Structures are given as C-alpha cells and as structure tokens.
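Trainee: I've got this one open in the viewer and I'd like to walk through how it packs. Can we take it piece by piece?

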Amino acid sequence: MDEMSRVLLVDDDVELSSMLSEYIAQEGFVAECVHDGEAGVAAALAGGYDIVVLDVMMPRVGGIEALRRIRAQSKVPVLMLTAKGDDVDRIVGLELGADDYVPKPCTPRELVARLRAILRRTQAAAPAEAAPGGPLVAGELCMWPQMRRAQWQGAPLELTSTEYNLLEVLARNAGRVVSKAELSEQGLGRPLARFDRSIDVHLSSIRHKLGARPDGRSWIETVRGLGYQLVRE
C-alpha cells in the first residue's frame with residue numbers, strides 16, 4: 001500500500017476533523033478536510049484522492065445524499081462515519097456503495113485501521129496464483145485482479161471496491177462454501193464483528209447485479225450456518 005495515500009475527510013465537526021487529520025498524517029497519509037456534503041462531493045469527484053471518509057450527519061447535503069452523488073460518477077472507496085447504533089444509515093450507506101463504516105465516536109486508531117484495510121485490498125497486486133494480466137475465471141464470471149475489472153456473461157460488471165473484493169474471494173473458491181469470517185478477513189480486511197451486516201448487504205447488491213439463474217435461484221447461494229457459495233455452472 002502506498003504510505004502517502006490521500007484521504008479526503010468530509011465532516012462538519014471542525015475540531016474532530018482537525019484531530020483526525022493530524023493523527024492520519026502522523027500515520028503516513030496525506031489528509032485534507034472539507035466541512036459540508038456539497039463541498040465533499042465536489043472534492044471527491046475532482047479526483048486525486050485514494051479514499052473518502054464521509055460523515056452521515058452534515059448540513060446542506062447529508063452524507064447519504066453525498067454518497068449517492070459520488071457513486072453516480074466515481075468508484076473511489078468511501079468509508080462512512082455513522083452514529084453509534086444507527087443501523088438504518090449504516091445499511092443504506094452500504095446499499096448505496098459505501099465500502100465500510102465506522103460508528104462515531106471512533107478512535108483515530110480504529111479509523112486508520114479501517115482505512116488501511118480498504119486500501120490494502122484496493123491497491124494490492126494480484127495474488128501469485130493469477131498469471132500477470134490473466135483473468136480469474138469462474139463459470140461466466142471473468143475478473144482481472146490487477147486491473148480490478150470484471151465481466152459477467154461477456155458484459156462489463158460494475159462493482160464497488162468492496163463488492164469486487166468479496167466477489168473475488170467467492171470466485172477463487174467457486175463451488176466451495178466460504179464462511180462469513182473468511183469473507184470479512186479477506187474481503188473487508190478485518191475480523192468479523194458480532195451483528196455486523198456489512199457482508200450481507202454487499203452480497204445482496206452483487207446478487208442483484210448478477211441477476212438470477214435460469215431456474216430463478218441466485219448465483220450466490222446462502223448455506224445456512226456455514227456461509228456463501230458462488231455457483232459454477
């Protein structure tokens with residue numbers, strides 16, 4: 001991972017933003033702050049940032065609407081800051097394409113750990129078992145990890161960064177059940193937390209993009225009590 005990754009902090013809490021940006025800078029990142037959603041969208045879409053940290057509760061344009069606007073034009077990784085215990089904002093954010101979330105109040109150390117986990121996955125080189133530039137093929141799914149590009153049934157498959165990570169894990173294990181713990185470790189870059197629905201929401205979005213099998217069932221099967229499996233046909 002590039003130790004000088006650029007982070008855009010979008011939060012109307014000026015004091016908190018300043019504290020977080022100072023800590024992030026000490027950890028080897030370049031951090032810049034804006035303090036409302038409208039300015040955050042403009043900065044994120046202007047490019048030049050490796051990841052955006054987006055607070056849900058902001059004036060003018062809230063975090064959810066800001067995320068919607070960013071995702072309409074950009075795949076830049078987005079980490080949401082949500083109110084502690086607010087599952088609605090959390091799930092809506094994930095459904096709209098957020099890569100992960102951190103409940104507030106959060107410690108700077110936890111924020112940096114989440115940033116690194118996301119960037120590690122988005123900036124990692126292809127694993128050794130994939131030939132340089134060669135595709136990972138699982139049935140009608142083709143993925144090019146080095147370019148982070150995917151095709152489904154011959155057509156481009158538009159995925160968020162985290163959706164790509166999770167689908168790649170399933171593709172590398174096509175036909176085998178992958179536990180939620182494995183998906184969290186390998187796809188999200190962090191241990192699975194109790195009551196964490198992030199994986200379920202991301203996989204729901206991927207299922208929607210893949211569509212149904214000829215018999216109406218999903219290409220990603222849920223194996224109750226065990227995990228998930230990408231069907232290879």
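Trainee: Which residues of α7 meet α8?

Mentor: Keep in mind that this is a predicted model. On the α8 side the contact uses S198, I199, D200, H202 and L203. Sorted by type, the residues of this contact are four nonpolar, three polar and two charged. The α7 residues that meet them are K180, L183, S184 and L188.

Trainee: Are α7 and α8 roughly parallel or roughly perpendicular to each other?

Mentor: Two packed helices are described by the angle between their axes and the distance between the axes. Here α7 covers residues 180-188 and α8 covers 198-210, with axes 10 Å apart and an angle of about 80°. Angles from 65 to 115 degrees count as roughly perpendicular. So α7 and α8 are roughly perpendicular.

Trainee: Which element gives the largest share of the largest nonpolar core?

Mentor: That core has 27 residues, and L183, L203 and I220 have the most contacts inside it. Two or more residues each come from β6, β7, β8, α6, α7, α8 and β11. The largest share is six residues, and the element giving it is α6.

Trainee: And which strands does α6 lie across?

Mentor: Start with the sheet, which is open and antiparallel, in the order β6-β7-β8-β9. Helix α6 spans residues 161-172 and runs at about 115° to β7. The strands α6 lies across are β6, β7 and β8.

Trainee: Why is one side of β6 and of β9 left without a neighbour in the sheet?

Mentor: Look at the strand order again: β6-β7-β8-β9, in an open sheet. β6 (136-138) and β9 (155-156) stand at its edges, so one side of each has no neighbour there. What each of them has is a single partner strand.

Trainee: Which residue in β8 stands opposite L141?

Mentor: β7 (residues 141-144) and β8 (residues 149-152) run antiparallel, joined by four bridges. Opposite L141 in β8 stands W152.

Trainee: Back to I220: which α8-range and β11-range residues are among those I220 touches?

Mentor: Leaving aside residues up to four places away in sequence, I220 touches L167 and L170, among others. Also on the list are L203, I206, R207, L210, Y228, Q229 and L230.

Trainee: Which residue in the turn between β10 and β11 has a positive phi?

Mentor: β10 (residues 220-223) runs antiparallel to β11, with four bridges between them. One of the bridge pairs is V223 with G227. The hairpin has three residues between its strands, and the one with a positive phi, about 80°, is G225.

Methods:
Residues numbered from 1 in each chain as written. Predicted model: local features only at pLDDT ≥ 70, side-chain atom pairs only at ≥ 80, totals over all residues. Heavy atoms only, no water. Pairing = 2+ DSSP bridges. Contact = heavy atoms within 4.5 Å. Axes fitted to C-alpha atoms, helices over the stretch in contact; angles between N-to-C directions. Parallel < 35°, antiparallel > 145°, perpendicular 65-115°, else oblique. Nonpolar A, V, L, I, M, F, W, Y, C, P; charged D, E, K, R; others polar. Core = buried A, V, L, I, M, F, W, Y, C linked by side-chain atoms within 4.5 Å. Buried < 20%, exposed > 50% of the residue type's maximum accessible area, 1.4 Å probe, protein only.
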